[in-house]
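Student: I am new to this structure, and I would rather understand one place well than skim over everything. Could you choose a single part, look at it closely, and then show me how it relates to the rest of the chain?

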Amino acid sequence: VLLLHGFMGSHLDFDNLATRLIATLKSSSPHPSLPHLLAITLPFHVPPPANSVPQQPVVLESLEATVAAIWRTVYHAAPATATVIPIGYSLGGRIALHLAAQGAALPIPAVALLSASPGCRDEHERTEREAADERLATRLEAAGGELEFFLREWYRAPLWGSLRNDGDTLEELISRRAGQNDGQHLAQSLRVLGNAALPSYWNLLIGKDTFRYGVDGTSPPVGSKPCKVLYVYGKEDTKYASFGEDLRRAGSRNVEVVEISASGHNVVLQQPNRTAAILASFLWRMTVSRLCRSRRELREIPAFTRFDVAPFEVPLVKPIKVDASGAPALTKRKGVLVRGALNRARSQTCTQRAVAELSPLPGFHSEGLHEASVQLGEVLKRLVGVEMDPAEVAVDNESPVGPILSLFGEDLVSGAAVLLPSVHYALEILAVHAV
């Protein structure tokens, strides 16, 4: 996973998010292997000091040279068989999209864009943006190494949302940006990597064009899935929120759009937990999608062929008091054991079983065992034969039935009315066992 920072940033901008991302993947993902995260400092930006020794930025003359320098860093860190998923914030998102669109020696099956512009929509907009970037570059060159005044004006722009009123966070950010950057190099960054300097990828994102995401820009193998794009924006950033709405209305099946509330443009800084949760879900689906594609070719996407339900009753080691209403203490736990037979080859041979329990706790759950058993039985009838492809799991926890149960298909699960908590839990355990 290649992490690309925004304008005036460095690879350290992702430290907090990367820590939370790995923690989220470890705690919530059924997938056993974790992706390797590689955060780099982009050309024209000053890397943090190494062993107290000041570092100099890489200065290049063209977009092509910049892309080549990025790939050299990736090739040095990644094995030859690696799959790369770029995640880019703002400027880094534009570069991430460019990498995915142009192709490279390593396959890119997915890309995540955080508050990133897909580019200029037409030549008129490109001409205006090029002029605006040149004016900004001239100001940066004049500022040189004294960037504090420039930065204070920069962060007054509406797109930053509530960050403008977060005094301590904003002061720390301005201090860090002023201390690590030089206006001359930032001006060159605008001329080489600015929005007007990169191609427009609107047609790719709205589905009019096709990604050249095969190796070195070649076409992908027949039958492989298209490159997936995750587009994330902060609700307070009205400009990029409008980009997100445009993409949502376009309705491309390969583009997912997610809004983050209580955040302006910098979702990485303002909402690291929410951003990490969204990215963790996306990465899990994208990293298992290669496995799922091979399973589908082998006709091995799991599906339940039947369910068996048997009651159980077990004594407790000691009585427990669940509530203070005067109800007697519980001495036994009652429920039903659910066993699902799975078929990964779509034949009549059962190759796997998934097991879960349904045992609402009196005094804790509002539903009783009989009510829960009836609802579970109705749902299980609908789930026989449903294929569960982990690559299609919901993008975030705002799915009506949650990301795990979306494996079954939201219409099938939610069709049994609002799920009772104990039923929801039993179905989640079955789903996790299945995949």
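Tutor: Let us begin with Lys 381, which is exposed because its relative accessible area, 70%, is over the 50% cut-off. Please keep in mind throughout that this is a predicted model. Lys 381 sits in helix α12, and its C-alpha lies 8.6 Å from that of Arg 306, although the two are 75 residues apart in sequence.

The helix that carries Lys 381 also has a partner, and this is the part to examine. Helix α12, residues 369-383, and helix α15, residues 421-434, have axes that come within 9 Å of each other and cross at roughly 35 degrees. The crossing in which α12 passes α15 is right-handed. On the α12 side, the residues that meet α15 are Ala 372, Gln 375, Leu 376, Val 379, Leu 380 and Leu 383, while α15 contributes Ser 422, Val 423, Leu 427 and Leu 430. Sorted by class, this contact has 8 nonpolar residues and 2 polar ones, with no charged residues. If you read the numbers of the α12 residues along the helix, a general point about helices helps. An α-helix has 3.6 residues a turn, so residues three or four places apart point the same way.

From here we can move to the interior of the chain. The largest nonpolar core has 88 residues, and Leu 2, Leu 99, Leu 113 and Leu 140 are those with the most contacts inside it. A second core, separate from that one, has 21 residues and includes Phe 304, Ala 372, Met 388 and Val 423. Two of these names are already familiar, since Ala 372 of α12 and Val 423 of α15 both take part in the contact between those helices.

To see how the largest core is built, follow Leu 2, one of its residues with the most contacts. Leaving out residues up to four places away in sequence, Leu 2 touches Leu 38, Ile 40, Ile 70, Val 74, Val 84, Ile 85, Pro 86, Ile 87 and Leu 99. Ile 70 and Val 74 lead us to helix α2, where they are buried together with Leu 63, Thr 66, Val 67, Ala 69 and Trp 71. The cover over the buried residues of α2 includes strands β1 (2-4) and β2 (38-40) and helices α3 (91-102) and α7 (183-193). The length of α2 can be checked as well: its 15 residues, 63-77, should span 21 Å at 1.5 Å a residue, and its end C-alpha atoms are 22 Å apart, so the two values agree.

Two threonines of α2 make a useful pair to compare. Thr 66 is buried, because its relative accessible area of 1% is under the 20% cut-off, and, apart from neighbours within four places in sequence, Thr 66 is in contact with Pro 43, Phe 44, Leu 60, Val 192 and Leu 193. Thr 73, which also lies in α2, is partly exposed at 35%. With residues up to four places away not counted, Thr 73 touches Leu 38 and Ile 40. The C-alpha atoms of Thr 73 and Leu 38 are separated by 9.4 Å, with their positions 35 residues apart along the chain.

The loops deserve a look too. His 36, in the loop between α1 (15-28) and β2, is exposed at 55%. Ser 90 lies in the loop between β3 (86-89) and α3, and has a phi near 55 degrees, a positive value in a residue other than glycine. Ser 90 nevertheless counts as buried, at 12% relative accessibility. Ala 262, in the loop between β6 (255-260) and α10 (267-270), likewise has a positive phi near 55 degrees, yet Ala 262 is partly exposed at 45%.

Finally, here is the whole chain as a setting for these details. There are 15 helices and 9 strands, and buried residues make up 48% of the 435 residues. Of the contacts between residues at least 6 apart in sequence, 73% join residues at least 24 apart.

Conventions:
Residues numbered from 1 in each chain as written. Predicted model: local features only at pLDDT ≥ 70, side-chain atom pairs only at ≥ 80, totals over all residues. Heavy atoms only, no water. Axes fitted to C-alpha atoms, helices over the stretch in contact; angles between N-to-C directions. Helix = DSSP H or I, 4+ residues; strand = E, 2+ residues; numbered from the N terminus. Left-handed = near helix turned anticlockwise from the far one by under 90°. Contact = heavy atoms within 4.5 Å. Nonpolar A, V, L, I, M, F, W, Y, C, P; charged D, E, K, R; others polar. Core = buried A, V, L, I, M, F, W, Y, C linked by side-chain atoms within 4.5 Å. Buried < 20%, exposed > 50% of the residue type's maximum accessible area, 1.4 Å probe, protein only. Expected span 1.5 Å × (residues − 1).
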